[in-house]
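Q: Please take a close look at one residue in this structure and tell me about its surroundings. After that, I would enjoy a walk through the rest of the architecture.

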There are 2 protein chains.
Amino acid sequence: MPVKFRQVHADAGSRARAGELITRRGAVATPCFMPVGTLGTVRAMTPEELQAAGSRIILANTYHLYLRPGHRLVAKAGGLHRFMNWPGPLLTDSGGFQVFSLAPLMSVDDDGIDFRSHVDGSAHRFTPELVMEIQEALGSDIIMPLDQLVGPDAGPDVVAEAMERTLRWARRSRAAQRDPGQALFGIVQGGVDPVLRRQCARELVAMDFPGYAIGGLSVGEPAEAMAATLAATVPELPPGKPRYLMGVGSPDYLLLAVGLGVDMFDSVLPTRLARHGTVYTWSGKLVLTHARYREDLNPVDADCGCYTCSSYSRAYIRHLLKANEILGIRLATIHNVHFMHDFMAAMRQAILDNEFASFYRRWLSVFGSHGIMEPWRGGL
Amino acid sequence: MPVKFRQVHADAGSRARAGELITRRGAVATPCFMPVGTLGTVRAMTPEELQAAGSRIILANTYHLYLRPGHRLVAKAGGLHRFMNWPGPLLTDSGGFQVFSLAPLMSVDDDGIDFRSHVDGSAHRFTPELVMEIQEALGSDIIMPLDQLVGPDAGPDVVAEAMERTLRWARRSRAAQRDPGQALFGIVQGGVDPVLRRQCARELVAMDFPGYAIGGLSVGEPAEAMAATLAATVPELPPGKPRYLMGVGSPDYLLLAVGLGVDMFDSVLPTRLARHGTVYTWSGKLVLTHARYREDLNPVDADCGCYTCSSYSRAYIRHLLKANEILGIRLATIHNVHFMHDFMAAMRQAILDNEFASFYRRWLSVFGSHGIMEPWRGGL
């Protein structure tokens, strides 16, 4: 298997687990957060800054890189690692989410997905085979098969059809894989229907992928629906393989999914919030551009050891953000990414200490937008 | 004197000189280029990146910091060095240029200058005393007295009146100075009239400032007029004091002014050009966003040792710039600032080797927008 997963400890009071994801470019402690480098750059950060902030694995978007600068150019440059100067593990997604969420005039048939570029309106078609070819050109360490997403309001037939198609495309993707050094994950779809999710998970597990992603969540469904879907899906997945919940990155949802046994996460949220002036602290979120921080000479978070908090005040960062200075975005981004990794590390320690349930309660009270208590007890 | 200048060597074939500017925050080899951190940040760079690129002294704008975030806040934060985390020498300008170039509805009388903020249109008044108070609050190491600029089309009476006023304001600024640790330079004005420039320089020299700035150039006058003005002004200035040409930063004008005996320079040009995709190389300027660099996997400049050139290709930086990614701006900015310092260091070495005249010819042919040969021979 091109990636391996080792479960280090299972929390005694929840379904959370601490583990280690071993890739050809190094090991990553789990649960882990992966910053998103959509276009081959985690917005505003260098690879060295990512590493200093604690990033061990990052994500890039197949859809975006296919459109700009094109996967052939990236291959010519020696692959995405070399092109963007990132030495660690790289995960690329399938583009399924982007053509669902970004690209207008999408039409789907069994062969693939027609879409128009959100950049210039040009027409394109993704097939499972092309998406594999693109990711082979990018040279990412973990790759995803093309999947079909549906919105939270889709009817049962549409959800079932998209799930079945995603399964067929998973088989075609595996058949199309040429580089055995890349770890192709299976993606579980099935909307918020626990029956469909379980069926999809079982069929993918029977195909024995090196890891499993859970897609199609965080697309507008209520928190309870996400929790119930994860509670139904995760137990179907083998304990010896990594579990990756796609597109989730707010602290409260991370708590929820880790409590239900998920290992890997990605989201643009920490970097996007930072660009708009919102930073995470161990006391909750702050909107630094608020007038109340005008003369606040404290660091963003006195308990944070990141570059930003070691040298700059809230007042300085606020000044930069108000004046649209790039350094303001940089400092807020560095802090938020560092915070996410600290938060994941703290969750991992709570798991190792068999204290995840109390960790969950404590930090849900700080970051909670949902109020789901002890989701691992079932009956959701 | 709060700063000292030591002339290390005078070139045998021009008026260029190599020296050392000694400040309370360290020594700076001259001729030197000062990146501009208008709002307390050299756009897109951290202090550590500036130092790695070779920056030893940087500039900030009194006018901008007075408006945002306000000098009182900066003082409360412990001064500009601490606020922006820059440990080296800092020079602040007087705001005279900004109220001349940026602020609408300006009116000038002997007491001061009325202007409206370019940010929100609010009304303000700069007097020599207020400008000293602002710079004292900022805590910069080298400070400038309020001066009055005039455009290249101003009539002789207007130019003379502004020069006389600038002299009176220099006296008032000195009288208003409260922190003897700050080095207050005199600013020579007088348009492009060599008689007025000589007169202004002599009167300032009689006042014995620790350094002399030459202001009011690079405001639209022909290159020949700038050269003639410098040729008339610089010989009036004492060899034991630093000479600073304000607002000049293109390689060809740096060659011209260094050849005429100037030691210090500042300009937004290298950082502004970088943000728009133009980079300096030892073969001339490149516009990285051009299609011809789409698949160019070479570094920006194979002879450059900067962070950007050590790890990234033109194709990658072009991709980032085309997609409006902040890292593209960062990488281009780091390179241009590094290049400027390398260019100044190469000029300094040519001076030490008594080869400035041939250095001048060679690099004017690469960077020349003017064709002024051997300006130090007089007869301009």
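**One residue and its surroundings**

A: Let's start in chain B, where Ile326(B) sits in helix α14, residues 326–352; helices here are DSSP runs of H or I with at least four residues, strands are runs of E with at least two, and both are numbered from the N terminus. Keep in mind that this is a predicted model, in which local features need pLDDT of at least 70 and side-chain atom pairs count only at pLDDT 80 or more, while totals for chains, interfaces and linings use all residues. Residues are numbered from 1 along each chain as its sequence is written, and chains are lettered from A and ligands numbered from 1 in the order in which they are written.

Ile326(B) has 18 other C-beta atoms within 10 Å, so it counts as partly exposed; 20 or more would make a residue buried and 12 or fewer exposed, with C-beta atoms placed from the backbone. Within chain B, its C-alpha atom is 8.1 Å from that of Ala44(B), although 282 residues separate the two along the chain. Setting aside neighbours within four places in sequence, Ile326(B) is in contact with Arg43(A), Ala44(A), Ile326(A) and Ile329(A), a contact being a pair of C-beta atoms, placed from the backbone, within 7 Å.

That brings us to the contact between the two chains, to which chain A gives 27 residues and chain B gives 27 residues. On the side of chain A that touches chain B, at least two residues each come from α3 (71–76), α4 (80–84), α13 (314–322) and α14 (326–352) of chain A. The largest share of that side, 4 residues, belongs to α13(A). Sorted by class, the side of chain A that touches chain B holds 16 nonpolar, 6 polar and 5 charged residues; nonpolar means Ala, Val, Leu, Ile, Met, Phe, Trp, Tyr, Cys and Pro, charged means Asp, Glu, Lys and Arg, and the others, Gly among them, are polar.

Now for chain A as a whole, which has 15 helices and 17 strands. Its radius of gyration is 20 Å, close to the 21 Å that the globule rule gives for 380 residues, so chain A is as compact as a globular protein of that length; the radius is taken over C-alpha atoms, and the rule is 2.2 Å times the number of residues to the power 0.38. Along the principal axes, the C-alpha atoms of chain A fill a box of roughly 60 × 50 × 40 Å. Of the 380 residues in chain A, 58% are buried.

One buried residue to look at is Val300(A), in the loop between β17 (284–287) and α12 (307–311) of chain A. Val300(A) counts as buried because it has 26 C-beta neighbours inside 10 Å. Leaving out residues up to four places away in sequence, Val300(A) touches Val279(A), Thr281(A), Thr308(A), Cys309(A), Arg314(A), Ile317(A) and His335(A). With His335(A), the C-alpha to C-alpha distance is 8.1 Å across 35 residues of sequence.

Chain A also offers a helix pair: α6 (residues 128–138) packs with α7 (residues 156–176) at about 45°, the axes 8 Å apart. Axes are lines fitted to C-alpha atoms over the stretch in contact, and angles run from 0 to 180 degrees between N-to-C directions. That angle makes α6(A) oblique to α7(A), since under 35 degrees is roughly parallel, over 145 roughly antiparallel, 65 to 115 roughly perpendicular and the rest oblique. Pro128(A), Glu129(A) and Met132(A) of α6(A) meet Trp169(A), Arg172(A), Ser173(A) and Ala176(A) of α7(A). These divide into 4 nonpolar, 1 polar and 2 charged residues. The buried residues of α6(A) include Pro128(A), Met132(A) and Leu138(A), and just after this helix Gly139(A) takes a positive phi of about 75°.

Back in chain B, helix α10 (residues 251–259) and helix α15 (residues 356–367) pack at about 160°, with axes 9 Å apart. α10(B) is therefore roughly antiparallel to α15(B). The contact joins Pro251(B), Asp252(B), Leu255(B) and Gly259(B) of α10(B) to Phe356(B), Tyr360(B), Trp363(B), Leu364(B) and Phe367(B) of α15(B). By class, this contact has 7 nonpolar, 1 polar and 1 charged residues.
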